[in-house]
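Dear colleague,

Please find below the structure I promised to pass on to you. My notes on it follow directly after.

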Amino acid sequence: AMTTLVVVEGGEHMGFASLKDNTHIDMLYVHPYHAGEGVGSTLCEALEVLAAARGATKITVDASETSVLFFEARGYTPMQRNSVPVGDQ
């Protein structure tokens, strides 16, 4: 099961986030024009509250290099580093 939240202001899509199986933040995206405005924090907090209300005791996320600090600041703890091959890289 997947729950997706979308932030729209004045008809403009600012970002979205998805919670998979009530325990995993599957996607978190903020449009670059709205980076630093709190959109990502608002989406993440909403998913955390929703998951807790549904009984989740922990949430996981596969964070990109650029989002690790964001999640650490929210109290997430890095567990392992993964590499994803793309083509022959």
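A nonpolar core is taken here as a set of buried Ala, Val, Leu, Ile, Met, Phe, Trp, Tyr and Cys residues joined through side-chain atoms within 4.5 Å. Please bear in mind that this is a predicted model.

By that definition, the largest nonpolar core has twelve residues: Met 14, Ala 17, Leu 19, Ile 25, Val 39, Leu 43, Cys 44, Leu 47, Ala 51, Ile 59, Phe 71 and Tyr 76. Two or more of these residues come from each of β2 (12-20) and α1 (39-53). The most is given by α1, which supplies five residues.

One core member, Ile 25, may be of interest for its surroundings. Setting aside neighbours within four places in sequence, Ile 25 is in contact with ten residues' worth of partners listed here: Ser 18, Leu 19, Cys 44, Leu 47, Ile 59, Thr 60, Val 61, Asp 62, Phe 71 and Tyr 76.

As to the sheet, four strands form an open arrangement with mixed pairing, in the order β1-β2-β3-β4. At the edges lie β1 and β4 (60-61), each of which pairs on one side only. Strands β2 and β3 (residues 24-30) run antiparallel and are joined by six bridges; Phe 16 has Tyr 29 in β3 as its bridge partner. Helix α1 packs on this sheet, where it touches β1, β2 and β3, and its direction makes about 30° with that of β2.

Finally, Thr 3 belongs to strand β1 (residues 2-9). The side chains of Thr 3 and Arg 54 are joined by a polar contact of 3.2 Å. Beyond four places in sequence, the contacts of Thr 3 also include Ala 17, Ser 18, Leu 19 and Leu 50.

Yours sincerely

Technical notes:
Residues numbered from 1 in each chain as written. Predicted model: local features only at pLDDT ≥ 70, side-chain atom pairs only at ≥ 80, totals over all residues. Heavy atoms only, no water. Buried < 20%, exposed > 50% of the residue type's maximum accessible area, 1.4 Å probe, protein only. Contact = heavy atoms within 4.5 Å. Polar contact = N/O pair within 3.5 Å; in protein donor to acceptor, adjacent residues only side chain to side chain. Pairing = 2+ DSSP bridges. Axes fitted to C-alpha atoms, helices over the stretch in contact; angles between N-to-C directions.
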